[in-house]
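Reader: Could you take me through the largest pocket close up, and then show me how the rest of the chain sits around that picture? I'd like the cut-offs spelled out as you go.

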Amino acid sequence: MPGTVLAAAKLVRRGLPALIDQARDRTDLLMLEARLGPVDLHLAHVRMLRGTGLHARTYLDWRARRIEKMLEIYGLDFFAGKRLLELGCGHGDIGAFFAEISADVLCVDGRIRNINFARLKHRRTPRLTFQVLDLEQDFSFLGHFDLIIDFGLLYHLRHVDSHLACCFGMADEIVLETVVCDSLDPHHILLRDECVDVDEEALNGTGSRPSPFYVERLAVEAGLEVERHFSADLNSADHFRYDWVHRDDGASNDDFGNRRFWRFFRKPVAQSSIEASGAALSAPAQVGGSGFGS
């Protein structure tokens, strides 16, 4: 009997704070239900119940820093009336931001759950549309865009070359951010197994880690200029790093920490360039931007 009483006392002592918190959470939930309509209440429930994948808090700082970098590169007035394509949009928060400053934005993701959540969350945002597509496949039928946003997607794809070929053929301005492997080899790429059940990982179960120079090589071969943004202001959450220094050890960066951010763009072709000799036109392009700090 004494042992039973002691065990009960320990249970009450340990459980009381949890019971109080549970009551407080229920009060908050009841207040939410009184104030919110069915859709907003559903969105609130989902965000309260999930804290991983695309619902992780690390995305808040990460998104903000990438948006700030885009505004720094292009300026606020650039986006009005422009046609934007956001690839691997997740919940569409970045695309929705630019739609609110008067861009026409198409957001694409491979998972219907992500697109459904995004459409509900941003249902009142004008100039914003969503589409479900497997971005391992050819998506060039979507047409031409003034700017393509390709953030946090490339390393969740197996077919990097064909994906980037689509991007480079559909826009003269692309901003791309991805995890990379630690290699200086422009032909080095690693394949990685990923979990299809996670809403932010590879749709088909296989991702990749290209070297930064692999990505740049493909851009240059497509006739694009390369502008590197490997700066500390992009670092976030004490985890995502852009200003890291290469060791060239081939590390796959499976913690998703070492990343790179680029602007790829095609210069307008002047009449004098059109009239230039074929030899001059076929001269190899040079990779621009600052070095890796290695």
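Author: Sure, let's start at the pocket. The largest pocket is lined by 40 residues, and those nearest its centre are Leu 54, Tyr 59, Gly 88, Gly 152 and Glu 200. A quick word on the source: this is a predicted model, where local features need pLDDT of at least 70 and side-chain atom pairs count only at pLDDT 80 or more, while totals for chains, interfaces and linings use all residues. Residues are numbered from 1 along each chain as its sequence is written, and side-chain values use heavy atoms, with hydrogens and water left out.

A pocket here is an open set of points on a 1 Å grid over the protein atoms alone, where a 1.4 Å probe fits and protein lies on both sides within 12 Å along at least five of seven lines; lining residues have an atom within 4 Å of a point. The space in the largest pocket comes to about 600 Å³, a volume being the space filled by probe spheres set on the points, with points joined across faces, edges and corners.

Who builds the wall? Helix H3 (58–74) and helix H4 (93–100) each supply at least two lining residues, and H3 gives the most, with five. (Helices are DSSP runs of H or I with at least four residues, strands are E runs of at least two, and both are numbered from the N terminus.) By class, the lining has 15 nonpolar, twelve polar and 13 charged residues. In that count Ala, Val, Leu, Ile, Met, Phe, Trp, Tyr, Cys and Pro are nonpolar, Asp, Glu, Lys and Arg are charged, and the others, Gly among them, are polar.

Now zoom out. The chain has nine helices and nine strands. Of its 294 residues, 43% count as buried, where buried means under 20% relative accessible area, exposed over 50% and partly exposed in between, with a 1.4 Å probe and protein chains only. Contact means heavy atoms within 4.5 Å. Among contacts between residues at least 6 apart in sequence, 70% join residues at least 24 apart.

On to the nonpolar interior. A nonpolar core is a set of buried Ala, Val, Leu, Ile, Met, Phe, Trp, Tyr and Cys residues joined through side-chain atoms within 4.5 Å. The largest one has 34 residues, and Leu 85, Leu 87, Phe 139, Leu 142, Ile 148, Phe 168 and Phe 264 have the most contacts inside it. Strand S1 (83–87), strand S2 (104–109), helix H6 (160–170), strand S5 (173–179), helix H7 (212–221) and strand S9 each give two or more residues to this core, with H6 providing the largest share, six residues. Another core lies apart from it, with 31 residues, among them Met 70, Leu 84, Val 105 and Phe 151.

Take Leu 142 as one example: leaving out residues up to four places away in sequence, Leu 142 touches Arg 83, Leu 85, Leu 106, Val 108, Gln 131, Leu 133 and Met 170.

Helix H2 (residues 38–49) is a nice check on geometry. The expected span of a helix is 1.5 Å times one less than its number of residues, so the twelve residues of H2 should span 16 Å, and its end C-alpha atoms are indeed 16 Å apart. In H2, Leu 41, Leu 43, Ala 44 and Val 46 are buried.

Thr 206 lies in strand S7 (residues 206–210) and counts as buried because its relative accessibility is 15%. Beyond residues up to four places away in sequence, Thr 206 touches Glu 136, His 156, Leu 157, Arg 158, Leu 191 and Arg 192.

Finally, have a look at the loop between strand S8 (225–228) and strand S9 (259–265), where Ser 236 lies. With a relative accessible area of 3%, Ser 236 is buried. Setting aside neighbours within four places in sequence, Ser 236 is in contact with Asp 61, Trp 62 and Arg 65. His 246 is in that loop too, and counts as buried at 9% relative accessibility. The C-alpha atoms of His 246 and Asn 258, twelve residues apart along the chain, are separated by 9.8 Å.

The backbone of this loop deserves a glance as well. Most residues other than glycine have a negative phi. Asp 248, found between S8 and S9, has a positive phi near 55° and is partly exposed, at 41%. Phe 256, also placed in this loop, has a positive phi of about 65° and counts as partly exposed at 24% relative accessibility.
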